[in-house]
Amino acid sequence: MDLSISSRWFSVSPPPVSFNSNNCMILNPLLRSWNFDSRNFQIKPLVSRQNRPVRCQVLDQPPMDDGFVLEDVPHLTNFLPELPSYPNPLEKSQAYAIVKKTFVSPEDVVAQRIVLQKDSPRGVHFRRAGPRAKVYFKPEDVCACIVTCGGLCPGINTVIREIICGLNYMYGVDNILGIEGGYRGFYSKNTMMLTPKVVNDIHKRGGTFLRTSRGGHDTHKIVDNIEDRGINQVYIIGGDGTQKGAALIYKEIEKRGLPVAVAGIPKTIDNDIAVIDKSFGFDTAVEEAQRAINAAHVEVESVENGVGIVKLMGRYSGFIAMHATLASRDVDCCLIPESPFYLEGQGGLFEFIEQRLKENRHMVIVVAEGAGQEYVAQSMPTAEEKDASGNRLLLDIGLWLTRKIKDHFTNIQKMTINMKYIDPTYMIRAIPSNASDNIYCTLLAHSAVHGAMAGFTGFTVGPVNSRHAYIPISHVTGTQNTVKLTDRMWARLLASTNQPTFLNSSDISQYRVDKEAINNMKITSV
């Protein structure tokens, strides 16, 4: 399979410029629309981080390196070079008959960074997602399976439904299995046949139609089951730990030389998956969080000195809390894991609460579940526990903060306050996805189906700068996406709530000196 980038991108003919008798440069009439500042005449050698090189040819120009890097995904032909290809059935699809360009070109890539300076490197790119002209599976030979792992999230059922409908309606695949109960379902023989009729209305429900579990990953048992059942396409829906498991499954399949495509669909309600713009279900979670915030606001403005605390999801990343706060405009203070805070003293949370109560006679605090964990641990010494996925079990920052605020103002300030605490965690993650997320889930599912049929494997899908791409699994599992305190979005929140930064002058100076270090670090303590 030739996945090279064509040389026609880089050849220039006829000559773009000439000179008249006065030695003045004349632009070729055919090229008057070209922008000379856009590096149109520079060579763009491509670098692939897979084993196969990305080849390009340039006519009559010396090579120049402008920092273009292609982070490629594996292909079945990497370890099965004799694997035959077939024309894509979409050529005869009525749905795609009027599409101007049915198939994605092998040359199409998506840039990870779209804001660049004039002389900066072009940076990392990923292969654009979508249907290819050639597929590596005959529809009648496909035996696909779908598994969901980890915690719940709005939109899982939509992804399941659209994988099934995409395989069946676009490619004519009929043999699709549902693996029930997470990774354990592979070797526990928990499976069910899936058809478009079976999953017709599951997108209207929360949770996962296939049920889920944490842990239970045994690579050899899972691949043995895949081989025994004749499965040749595996679709894995799950978060960071699940995608790491998907990478192990792909490696074992490659080791055994099996013609099996492994596609990951990243899932997390916290929006902490690296590289992609956002995770599915996030918009729904932010929207549902508004109901809890609105309820807290109604409660506290109806009493004297009302203080409402709403705890939202966000183990290591405060995206839900930050976006829900910005969307609400009723929140006075937002606390997230990435930003340290303190209670007592000048500039502390207690001082800010007292100030807001004097001004407005009520206030609302939104806190992410992972904020201030070391603070809570000092007051509630317990042995550190982990769930089946290996995640540290969090202490309840909401209850702890409610008690601390009430004790301070009742016993020290001698001030009567009315505390209201709302924890909508399971309400938010158990609901069906909204319209926006439903569309997003459909695009994710279709991108995964197109990629698997085209022979790509060991990849995950997601939007990068609003363009769906195929991304190596290692890119979404290597790091976590967190709120950058030096970005404008956090500054917008601080401007919206007018809350203190909880940073002293030396902290601010250090942040300015080493912004890159701040952007890369994950603050989980106070």
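Start at β18 (459–464). Select Phe459, Val461 and Pro463: they point one way from the strand. Thr460, Gly462 and Val464 point the other way, and all are buried. Buried means under 20% relative accessible area, exposed over 50%, and partly exposed in between, with a 1.4 Å probe and protein chains only. Strands (E, at least two residues) and helices (H or I, at least four) are DSSP runs, numbered from the N terminus.

This is a predicted model, where local features need pLDDT of at least 70, side-chain atom pairs count only at pLDDT 80 or more, and totals for chains, interfaces and linings use all residues. Residues are numbered from 1 along each chain as its sequence is written, and side-chain values use heavy atoms, with hydrogens and water left out.

**The neighbours of β18**

Add strand β19 (residues 467–472), which pairs with β18 in the antiparallel sense over six bridges. Two strands pair if DSSP finds at least two bridges between them. Pick Pro463 and look across to β19: His468 stands opposite. The two strands form a hairpin with two residues between them. Stop at Asn465 in the turn, where phi is positive, about 55°.

Now show β13 (261–266). Two bridges join β13 to β18, and these strands run parallel. Ala263 has Phe459 in β18 as its bridge partner.

**Helix α4**

Select residues 240–256, helix α4. Its 17 residues reach 25 Å from first C-alpha to last, close to the 24 Å expected at 1.5 Å a residue. The expected span is 1.5 Å times one less than the number of residues. Colour the buried positions: Thr242, Gln243, Gly245, Ala246, Ile249, Tyr250, Glu252 and Ile253. What do the buried residues of α4 pack against? They pack against α3 (219–229), β12 (233–238), β13, β18 and α12 (473–477). Step past the helix end to Gly257, which follows α4 and has a positive phi, near 70°.

**Strand β10 and its partners**

Go to β10 (residues 176–179). Ile176 and Gly178 point one way, Leu177 and Ile179 the other, and all are buried. Strand β9 (residues 144–148) pairs with β10 in the parallel sense over four bridges. Gly178 in β10 is the bridge partner of Ile146. Bring in helix α1 (residues 156–171): with β9 and β10 it makes a right-handed β-α-β unit. Right-handed means that, with the strands pointing away from the viewer, the path from the first strand over the helix to the second runs clockwise.

Next, add β11 (residues 191–193), which is joined to β10 by three bridges and runs antiparallel to it. Thr191 in β11 is the bridge partner of Ile179.

**Aromatic rings**

The structure holds seven aromatic pairs. Rings of Phe, Tyr and Trp (its six-membered ring) pair if their centres lie within 6.5 Å; planes under 30 degrees apart count as stacked, over 60 as edge-to-face and the rest as tilted.

Select Tyr342 and Phe502, an edge-to-face pair with 6.1 Å centre to centre and 80° between the planes. The pair links distant parts of the chain, 160 residues apart. Tyr342 lies in the loop between β15 (333–335) and α7 (349–360), and Phe502 in the loop between α13 (488–497) and α14 (505–513). Tyr342 is partly exposed at 28% relative accessibility, whereas Phe502 is buried at 6%.

Then take Phe350 and Phe409: the centres are 6.2 Å apart and the planes at 80°, so this pair is edge-to-face. Phe350 lies in α7 and Phe409 in helix α9 (residues 397–412), so the pair ties together parts 59 residues apart in sequence. Phe350 is buried at 5% relative accessible area. Phe409 is buried at 0%.

Widen the selection to Phe341, Tyr342, Tyr375, Trp400 and Phe502, which form one aromatic cluster.

For a charge over a ring, pick Lys221 and Tyr187: the charged end of Lys221 sits over the ring, 5.0 Å from its centre. The rule is NZ of Lys or CZ of Arg within 6 Å of the ring centre and within 35 degrees of the ring normal.

**Two loop residues**

Most residues other than glycine have a negative phi. Select Arg211, in the loop between β11 and α3. Its phi is positive, near 65°, and Arg211 is partly exposed at 45% relative accessible area. Move to Asn305, in the loop between α5 (282–301) and β14 (306–312). Phi of Asn305 is also positive, about 55°. Is Asn305 buried or exposed? At 11% relative accessibility, Asn305 is buried.

Note on methods:
Contact means heavy atoms within 4.5 Å.
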